[in-house]
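Open the model in a viewer and keep the selection panel at hand. The stops below say what to select and what is there.

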Amino acid sequence: MAAALVLRASLRLLPRRRKVCAGGAATVSSRAMASKTPVGFIGLGNMGNPMAKNLLKHGYPVIAYDVFPEACKEFQDVGAQVTDSPADVAERADRIITMLPSSPNAVDVYIGSSGILKKVKKGSLLIDSSTIDPAISKELAKEAEKMGAVFMDAPVSGGVGAARAGNLTFMVGGVEQEFDAAKELLTCMGSNVVYCGEVGTGQAAKICNNMLLAISMIGTAETMNLGIRLGLDPKLLAKILNMSSGRCWSSDTYNPVPGVMEGVPSANSYQGGFGTTLMAKDLGLAQISATNTKTPVPLGSLAHQLYRMMCAKGYAQKDFSSVFQFLREEESL
């Protein structure tokens, strides 16, 4: 809950504004939907980089910011504007997408000393594609509303490969009347854009998805390891699994065993992809939500513990499918 404490402390520093009437925020959906006005993009990491590039490919001028200046250089080279802070992005664009690693990062980018809400324009549409605590999304939406802006949570699923191909799935939470305005941009980066309900429900869907993903990846890694030790060829075993009832995304699209598939992190020493640290973070969010709702998640809890162990044993920066390698190294226990 450290992020929530950070948020509450930050909120006390914000100037109190008169609450904007519903008509102030409603200006978002009144914009011409097909307009190619500049879009702000904050967070150009493994996922944000290809997402922003797809906006450029669809003809949207991009105004970019990342805490690491070197991440912005290639965008500057292709004509994107690069700014010095999230506030500067908000000053130049009235549609902004953020893709950030964690709840504290989102709090800082939105309400920090140089945050978006320092210079946000009334009627701006703010879309956060980070995976963060649903409670934080709700608080950020309240603060954005005070400034006359609309905040929507729109976390993604599909990984780096889908981000590059523009095939992400977006799970969107927020004011339903603004969904079409958000969808206009999100369809440039994804093939599925699903409205989930009020602010925070997009995050809820993403947290549930990633808990299942972690569990299925561990199961796939355990199964492949067992089959290999029983003398089965890994490619043959994967083929059998993928035509049988055990088939899942972790086995047929993102197999964790080196040499089974091309173009996945396991074929590249587990570099790139979705980091173990981020998976552990998302499982932590699922644990918090499970505790708050008194929901039993025994397998989710075990997955969280396993990924935390991996982070402590040198796997933090590797793709989460490296759980296969981790289990191979731990098999003597």
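The tour goes from the whole chain to strands, cores and single residues.

**Ground rules.** This is a predicted model, in which local features need pLDDT of at least 70 and side-chain atom pairs count only at pLDDT 80 or more, while totals for chains, interfaces and linings use all residues. Residues are numbered from 1 along each chain as its sequence is written, and side-chain values use heavy atoms, with hydrogens and water left out.

**Whole chain.** Select the protein chain and colour by secondary structure: 15 helices and nine strands appear. Helices (H or I, at least four residues) and strands (E, at least two) are DSSP runs, numbered from the N terminus. Of the 333 residues, 53% are buried; buried means under 20% relative accessible area, exposed over 50%, and partly exposed in between (1.4 Å probe, protein chains only). The accessible surface is about 15,200 Å², and 56% of that belongs to carbon and sulfur atoms. These areas come from the Shrake-Rupley method with a 1.4 Å probe; for residues, only the protein chains shown count as cover. Among contacts with a separation of 6 or more, 66% are between residues 24 or more positions apart, where contact means heavy atoms within 4.5 Å.

**Strand E4.** Select residues 95-98. Arg95 and Ile97 on one side, and Ile96 and Thr98 on the other, are all buried, which leaves both faces of E4 covered. Now add the partner strands (two strands pair if DSSP finds at least two bridges between them). E1 runs parallel to E4 and is joined to E4 by three bridges; E5 is also parallel to E4, over four bridges. Thr98 can be followed both ways: its bridge partner is Ile42 in one direction and Asp128 of E5 in the other.

**The cores.** A nonpolar core is a set of buried Ala, Val, Leu, Ile, Met, Phe, Trp, Tyr and Cys residues joined through side-chain atoms within 4.5 Å. The largest has 36 residues, and those touching the most other members are Phe41, Met51, Leu55, Phe170, Leu186 and Met189. Elements that give two or more residues to this core include E1 (39-42), H3 (48-57) and E8 (168-173). Helix H9 supplies the largest share, five residues. Another core, of 35 residues, lies apart from this one; select Leu283, Ala290, Leu306 and Phe324 to find some of its members. Back in the largest core, display what surrounds Met51: beyond four places in sequence, its contacts include Phe41, Met99, Val156, Phe170 and Met189.

**Lys206.** Which residue does the "active site" annotation cover? An unreviewed UniProt entry places it on Lys206; UniProt positions are given in the numbering used here, feature names are shortened, and annotations may be inferred rather than shown by experiment. Lys206 is in helix H10 (residues 201-229) and counts as buried because its relative accessibility is 6%. Outside its neighbours within four places in sequence, Lys206 is in contact with Thr131, Pro155, Val156, Met171 and Asp282. A polar atom of the Lys206 side chain lies 2.8 Å from the backbone oxygen of Val156.

**Two positive phi values.** Most residues other than glycine have a negative phi. Tyr270, in the loop between H12 (249-252) and H13 (276-292), has a positive phi near 60°. Lys294, in the loop between H13 and H14, has a positive phi near 55°. Tyr270 is buried at 2% relative accessibility, whereas Lys294 is exposed with a relative accessible area of 75%.

Technical notes: Polar contact = N/O pair within 3.5 Å; in protein donor to acceptor, adjacent residues only side chain to side chain.
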